[in-house]
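User: I would like to go through the packing in this model. Please keep the answers short and end each one on what was asked.

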Amino acid sequence: MINSTPQALTIAGSDSDGSAGMQADLHTFFTRNVYGASVITACVAGNSYGIHASVPMPTDFIDQEFQDLTDDYHIKASKTGMLADSELIKNVVKNYQKGDFGPLVVDPVIMTKHGSQLLEESAFDTLRMALLPLATVITPNFYESQKIAEMTIRTDDDTITAAHKIQAMGAKNVIAKGAHSDSNQTVVRDYVLLESGEGFWLSEPYHDTDRVNGTGDSLSACITAELAKGTPIKMAIQIAKQFVNTAIGDPIQVGHKFGPINHWAAQAAKIDLTPATED
């Protein structure tokens, strides 16, 4: 039957070194047995040492990418990655709303896991007002949760409050990811707030490694892949958490400095959901 294979869409930039962005998303889709399509929003030249050049795609080209997918494919779930400015965010929102691209996972690429800002300040309000309300799931890291919720997070209660604030802005399900910048920590804990009102923590071992490029991309992409297969939202989030932790915990040696996570290890791992949820 035509288009019976689960299909997912990444709306993101292309990273030439393959460790993050669209490439990390497509690696993840493949390892979760989902066919991956892409709308390229920018092309980035970089390697494990850093990013050295980037070129945004013209909005009329992005329009055509969306149209061609609409004309031929049956996308069951989509995700966004880095959207650099207001014009691009508005363009993606317009095209997503015009078509049928399934539930949307928003990886709000605003700040790095170390707190450096990536999104233009002028585009932040556009992201929060236009894109966030479309999110079936939003996956902010620790610093992004603070930025979106406009508050400082110091405690578990603060994290829970931030998640509720973000949900009140329109996102149905929120994963407020924990900080992982302390080499002395032993676990990473993320707080999940579901549309139903249920809230719980997900905990996995902390790995002190510089092989973490593409972590956030792969988490949101794994959720997207599972939604494309029809996996319930809670289970999709639990699977993604374990998938990414496994990929971090068994590193591959690619590049000289900050390397990618290991999607092969995550593909081979057996996902056990029993211990993943913490009340």
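User: Which residues touch the most other members of the largest nonpolar core?
Analyst: The model is predicted. Its largest nonpolar core holds 42 residues. The members that touch the most others in that core are Leu9, Phe66, Ile89, Leu131 and Ile138.

User: Which helix gives the most to this core?
Analyst: The core in question is the one with 42 residues. With five residues, the element that gives the most to this core is α3.

User: Which residues does Leu9 touch, leaving out those up to four places away in sequence?
Analyst: Contact here means heavy atoms within 4.5 Å. On that basis the partners of Leu9 include Phe29, Ala37, Val39, Leu69 and Ile75. The list also has Ser38, Ala77, Ser78, Lys79, Phe101, Thr224 and Phe66.

User: How many residues are in the second, separate core?
Analyst: Leu194, Leu219, Cys222 and Ala247 are among its members. The size of this second core is 29 residues.

User: Is helix α1 largely enclosed or not, and why?
Analyst: Helix α1 spans residues 21–31. Its buried residues are Gly21, Met22, Gln23, Ala24, Asp25, Thr28, Phe29 and Thr31, and they pack against β1, β2, β4, α7, α8 and α9. Because eight of its eleven residues are buried, α1 is largely enclosed by the rest of the structure.

User: What phi does Asn33 take?
Analyst: Asn33 lies just after α1. Its phi is positive, at about 60 degrees.

User: How are α2 and α3 oriented to each other?
Analyst: The axes of α2 (residues 59–72) and α3 (residues 86–98) come within 10 Å and cross at roughly 25 degrees. The crossing is right-handed. Angles under 35 degrees count as roughly parallel. The two helices, α2 and α3, are therefore roughly parallel.

User: What classes of residue make the contact of α2 with α3?
Analyst: From α2 come Thr59, Ile62, Asp63 and Phe66, while α3 supplies Glu87, Leu88, Asn91, Val92, Lys94, Asn95 and Tyr96. By class, the contact has five nonpolar, three polar and three charged residues.

User: At what angle do the axes of α7 and α8 cross?
Analyst: Helix α7 covers residues 215–228 and helix α8 covers residues 233–249. Their crossing is right-handed. The axes come within 8 Å, and the angle is roughly 140 degrees.

User: How many nonpolar residues does the contact of α7 with α8 have?
Analyst: Contact residues of α7 include Leu219, Cys222 and Ile223, and those of α8 include Ile237, Phe243 and Val244. Two polar and two charged residues also take part. The nonpolar residues number twelve.

Terms used
Residues are numbered from 1 along each chain as its sequence is written. This is a predicted model: local features need pLDDT of at least 70, side-chain atom pairs count only at pLDDT 80 or more; totals for chains, interfaces and linings use all residues. Side-chain values use heavy atoms; hydrogens and water are left out. Axes are lines fitted to C-alpha atoms, for helices over the stretch in contact, and angles run from 0 to 180 degrees between N-to-C directions. Helices (H or I, at least four residues) and strands (E, at least two) are DSSP runs, numbered from the N terminus. Angles under 35 degrees count as roughly parallel, over 145 as roughly antiparallel, 65 to 115 as roughly perpendicular and the rest as oblique. A crossing is left-handed if the near helix is turned anticlockwise from the far one by less than a right angle, and right-handed if clockwise. Ala, Val, Leu, Ile, Met, Phe, Trp, Tyr, Cys and Pro count as nonpolar, Asp, Glu, Lys and Arg as charged, and the others, Gly among them, as polar. Buried means under 20% relative accessible area, exposed over 50%, partly exposed in between (1.4 Å probe, protein chains only). A nonpolar core is a set of buried Ala, Val, Leu, Ile, Met, Phe, Trp, Tyr and Cys residues joined through side-chain atoms within 4.5 Å.
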